[in-house]
Amino acid sequence: MDVFKIPLTLKMEPRKTIRAQLVGEECIVQFPAAWAKRKKHLATMIDRVYWHLMAQNDIENLRKRVNQLNQIYFGFDYQDVHYHRQFGRWGSCSTLRNINLSHRLIGAPEQIRDYVILHELAHLKQFNHGKEFWALVNRTGYQPKMVRKEIALYGQKWQNEYYQWCRRILNVV
Ligand SMILES: [Zn+2]
């Protein structure tokens, strides 16, 4: 599913909160009638609920993949896996042993997402980017230098598509 191409239907309703749902291949957003004239606010809120929904929709997939990769390469203990709304970073690993991935990785090419997952899993053992850390990453067969280039390109592409997506939202509200 291409996260930027999902048809969006907006429904103004007598309600207090905004809600987004996937119905088949379509995203339905129900929003409070009181927001109809606050277009910028509405667009911002659609942006929030939409990406929250995309994350929800993909989280089980992500959890499964993290578990698989961890079993194949590491076997470390971790708490949980989440998508976060993050534009600056691709992933993080918290001291509470949670693996967090940027919402920009929803629907990303598998090898890019896998690399970020493996990178964060390796941080469960090594919190810095020292020699031991890279030894763990190398175990996976990925070549960080190459992947970093791919990630940078993917990031630019994502940013462009997101920009267009935001404009589309502003046009429909
Ligand atoms: Zn790192």
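Begin the tour by selecting Arg97, which at 27% relative accessibility counts as partly exposed in a structure that, as should be kept in mind throughout, is a predicted model. Arg97 sits in the loop between β5 and β6, and if the viewer reports backbone torsions, its phi will appear as positive, about 65 degrees, although the residue is not a glycine. That value deserves a second look, since most residues other than glycine have a negative phi.

**The loop between β4 and β5**

Next, select Arg85, whose place is in the loop between β4 and β5, and which is partly exposed with a relative accessible area of 30%. Leaving aside its neighbours within four places in sequence, Arg85 is in contact with Asp47, Arg48, Trp51, His103 and Tyr162. Add Arg104 to the selection as well: it is 19 residues away from Arg85 in sequence, and the two C-alpha atoms are 7.8 Å apart in space.

Then move to Gln86, which also lies in the loop between β4 and β5. Is Gln86 buried or exposed? At 19% relative accessibility it counts as buried, because the cut-off for that class is under 20%. When residues up to four places away in sequence are not counted, Gln86 touches Gly91, Ser92, Ser102, His103 and Arg104.

**Helix α2 and its surroundings**

Now colour helix α2, residues 110–122, which has 13 residues and reaches 18 Å from its first C-alpha to its last, close to the 18 Å expected at 1.5 Å a residue. Of those 13 residues, 11 are buried, so α2 is largely enclosed by the rest of the structure. The buried set includes Ile112, Tyr115, Val116 and Ile117, and also residues with charged side chains, among them Arg113, Asp114 and Glu120. To see what surrounds them, display α1 (39–74), β4 (81–84), β5 (91–93), β6 (99–102), α3 (131–138) and α4 (144–172), against which the buried residues of α2 pack.

**Three helix pairs**

Two packed helices are described by the angle between their axes and the distance between the axes, and the three pairs below can be viewed in those terms.

Show α1 together with α2 first. The axes of these two helices come within 10 Å and cross at roughly 60 degrees, which makes α1 oblique to α2, and α1 passes α2 in a right-handed crossing. On the α1 side, select Asp58, Leu62, Arg65, Val66, Leu69, Asn70, Tyr73 and Phe74, which meet Arg113, Asp114, Ile117, Leu118, Leu121 and Ala122 in α2. By class, this contact of α1 with α2 has 9 nonpolar, 1 polar and 4 charged residues.

Keep α2 on screen and replace α1 with α4. Here the axes come within 10 Å and cross at roughly 120 degrees; α2 and α4 are therefore oblique to each other, and their crossing is left-handed. The residues to pick out are Gln111, Ile112, Tyr115 and Val116 in α2, which meet Pro144, Val147, Glu150, Ile151 and Tyr154 in α4. The residues of the contact of α2 with α4 divide into 7 nonpolar, 1 polar and 1 charged.

For the remaining pair, hide α2 and bring back α1 beside α4. The axes of α1 and α4 come within 10 Å and cross at roughly 125 degrees, and the two helices are therefore oblique to each other, with α1 passing α4 in a right-handed crossing. Ala43, Ile46, Asp47, Tyr50 and Trp51 of α1 make the contact with Trp158, Tyr162, Trp165, Ile169 and Leu170 of α4. The residues of the contact of α1 with α4 divide into 9 nonpolar, no polar and 1 charged.

**A last stop at Ile46**

Finish by centring the view on Ile46, which lies in helix α1 and is one of the residues in the contact with α4. Ile46 is buried, with a relative accessible area of 0%. Which residues does Ile46 touch, not counting residues up to four places away in sequence? Selecting Leu8, Leu10, Ile18, Val29, Ile169 and Val173 will display them. To end the tour, draw a distance between the C-alpha atoms of Ile46 and Val173, which are separated by 9.4 Å although the residues lie 127 apart along the chain.

How values were computed. Residues numbered from 1 in each chain as written. Predicted model: local features only at pLDDT ≥ 70, side-chain atom pairs only at ≥ 80, totals over all residues. Heavy atoms only, no water. Helix = DSSP H or I, 4+ residues; strand = E, 2+ residues; numbered from the N terminus. Expected span 1.5 Å × (residues − 1). Buried < 20%, exposed > 50% of the residue type's maximum accessible area, 1.4 Å probe, protein only. Contact = heavy atoms within 4.5 Å. Axes fitted to C-alpha atoms, helices over the stretch in contact; angles between N-to-C directions. Parallel < 35°, antiparallel > 145°, perpendicular 65-115°, else oblique. Left-handed = near helix turned anticlockwise from the far one by under 90°.
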